[in-house]
Amino acid sequence: MSSNENGSANANGNGNGNGNECSAPISLPLKVSSQCSLEKVIPPSPTLQSPAMRRNVSEGNLIAQDVKEARVRVIYTGGTIGMMRNDRNVLAPIPNALVRIIRKYPNIHDEEYAERRFGAGASMAPLVLPYVQGEARRVLYQVTEYTPLLDSSNMTMHDWARIANDIYQSYEFFDGFVVLHGTDTLSYTASALSFMLENLGKTVIITGSQLPIFETRTDGKDNFTSALIIAGNYVIPEVCIFFGNKLLRGNRTVKVSSNSLDAFNSPNVPPLAHIGINVNVDYRLIFRPCSVERFCVHLQLDENVGLLRIFPSISLSTFRAFLAPPMRGVVLQSFGSGNVPSNRKDLIDELKTASERGVIIINCTQCPNGSVAEIYHTGKVLFDVGVIPGYDMTPEAALSKLAYVIGKEEWPLEVKKQMMQSNLRGELTSTAALKMEDYDLVDAVARSLHLSSPQELDQLGATLFPAMINAAVAEGDIKKINNLKAYGADLSGSNHDHRTALHLACQMGNLQIVRHLLHNGVSVHIRDRYDRTPLQEAVSTDNHEIIQLLISCGAHLTGSSRAVGEQLCAAASRGSLRRLQSYQLAGTDLSLSDPSGRTALHVAALHGFEELIHYMLPYMENTDKKDMLGLTAYDYALRGSHASIADLLNPAKKNE
Ligand code: ASN
């Protein structure tokens, strides 16, 4: 597959599209697969750079404005959503049509806003979702179209790796991601991506439709626009599926209908959000990564995995052939709560031999609802021969998890088996789940206020908890924070200024609380009403340990390069070495300039701050940058009569 940006012709492929015969683990080179057409707003995608080189600031002449914006990358892989009927009257994907056509749909693209924002006639400019009542941000979206567009039945694990890698490569430049995909294998892709995208901190939504978006009657428009709204406005750090007014956890889904517009279900977990007149997210259900680690991607999948559905009188030869090498992982789809014919010693022996050979066999039920459990003798025999319980995982999740876990070459077999039974991304219900004292506290307050409906209780919780958590954070009281969590509070909840407990903890400089919140999965990416992230709070208070902790968790600075340049110049004019160090630790390029082209080096040279010059020089690629007056930092040092600084910056001396 190769890709086009916003529908333009571009044959820049990864060459990983036809792996049907491949049985080796898939490994993609980590490289930028396509040029970003949001480049007026967003710098080109980085390769894996040193922290000093990494930056996420906008280039170019942004128009100053009050409207808050969110950037969403759309990866269009194919599926009915973009199909049209061909001359043989069957649906087939049409290359380069989607973006061209939706540019003309006023309820999917706001041309007037786009012209004001990016200039008239900018055919490669990002698309813009029209204003949505009640949502904080305007969603700007850029579409990457894959070539060839695929019916999802033709997709392979290589395509999963392709999507995962594209998200990884552009992760810092977007607030969220939407993948347009055919519905037939959508649950497999969603499950696989949930494992491959490790320590995910942003919203990834996969959607598609049952009827093409170009037809008069279509579910494609609603699914697509709702996915964009959620990806741009809500931080739900999971791989989700949006379909038929519901946001579902991707690795819990199954396609349940080939003709209903409500085609997906997540039988064992309620929807994460419903879209009605409003978007109602149930934040208590969101699965958050609870390790302090940066987002990364695991592209190595093992294709030697399979689904073996037991049926009455299954033959030994079928069974044996299925388990034979090179098979390395099998999802055994058993009856009911995990039962197989225990009177078939031939099959049980075969499972035992395969397990002893190192094949990981995971027991999942054929029932759409419920879990495998060791309650019948017919199930117990499986545990005894080394078959692992898959609890309530869907076959799609179990299969893709096997491909992921077996692809982790650094994990020994025992660790792999352990991981298959562990809840990695919310894909299974651990039997050891704790019973929370949900809402006791809120109930007490509700009773005294004579409130009773679930909506009123939810509303009360949403109002009370952020304030109470903030009070606990301000007091530095971890025990209180834990108690509130046990009462059902969402530690990632935000107040009316959209600020989270993490914003406050960073501002207050309490490293211990910051670490505690991160370990409890609080997102580093939530922006408050003023567009500030927790990392910006830590920079503003020059807390280097917190900055480093946030960075190790995948935080990055956002905002225009000019604005950051101004901040750097302001720090230099105050002689604040510590602030420059804060920006450097936060991944900022110290050579960014303010709107008049001056860098912090110019300003430090003018004011005679030699210590700052010494600090900055190793980080500056070009020390002879000219500002709008055509002056370099060296010129400023001369004009400020700072001879020793001029000596350090003298171009003639540097070239000696
Ligand atoms: N066959 C199509 C696909 O999976 C079905 C759809 O998208 N509704 O690509």
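This tour visits the ligand site and then a pair of packed helices in a predicted model.

**First stop: the ligand and its shell**

Select the ligand together with the residues that surround it: Gly79, Thr80, Asp151, Ser152, Gly182, Thr183, Asp184, Ser209 and Gln210. Colour this shell by class, and it divides into seven polar residues, two charged residues and no nonpolar ones.

**Second stop: polar side chains at the ligand**

Display the side chain of serine 152, where an N or O atom lies 2.5 Å from an oxygen atom of the ligand. Proceed to threonine 183; here a side-chain N or O atom is 2.7 Å from a nitrogen atom of the ligand. Then select glutamine 210, whose side chain places an N or O atom 3.3 Å from a ligand nitrogen atom. Now add a surface: the ligand taken alone exposes 270 Å², of which the protein buries 90%.

**Third stop: helices H18 and H19**

Leave the ligand and select residues 561–573, which form helix H18, and residues 577–585, which form helix H19. The two helices pack with their axes 8 Å apart and at an angle of about 150°. An angle over 145 degrees counts as roughly antiparallel, and H18 and H19 are therefore roughly antiparallel to each other.

Which residues of H18 meet H19? On the H18 side, show Val564, Gln567, Leu568 and Ala571; on the H19 side, show their partners Arg579, Leu580 and Tyr583. By class, this contact of H18 with H19 comprises five nonpolar residues, one polar residue and one charged residue.

Definitions and conventions
Residues are numbered from 1 along each chain as its sequence is written. This is a predicted model: local features need pLDDT of at least 70, side-chain atom pairs count only at pLDDT 80 or more; totals for chains, interfaces and linings use all residues. Side-chain values use heavy atoms; hydrogens and water are left out. A residue is near a molecule or strand if one of its heavy atoms lies within 4 Å of it. A polar contact is a pair of N or O atoms within 3.5 Å; within protein, one must be able to donate a hydrogen and the other to accept it, and residues adjacent in sequence count only if both atoms are side-chain atoms. Accessible areas come from the Shrake-Rupley method with a 1.4 Å probe; for residues, only the protein chains shown count as cover. Ala, Val, Leu, Ile, Met, Phe, Trp, Tyr, Cys and Pro count as nonpolar, Asp, Glu, Lys and Arg as charged, and the others, Gly among them, as polar. Axes are lines fitted to C-alpha atoms, for helices over the stretch in contact, and angles run from 0 to 180 degrees between N-to-C directions. Helices (H or I, at least four residues) and strands (E, at least two) are DSSP runs, numbered from the N terminus. Angles under 35 degrees count as roughly parallel, over 145 as roughly antiparallel, 65 to 115 as roughly perpendicular and the rest as oblique. Contact means heavy atoms within 4.5 Å.
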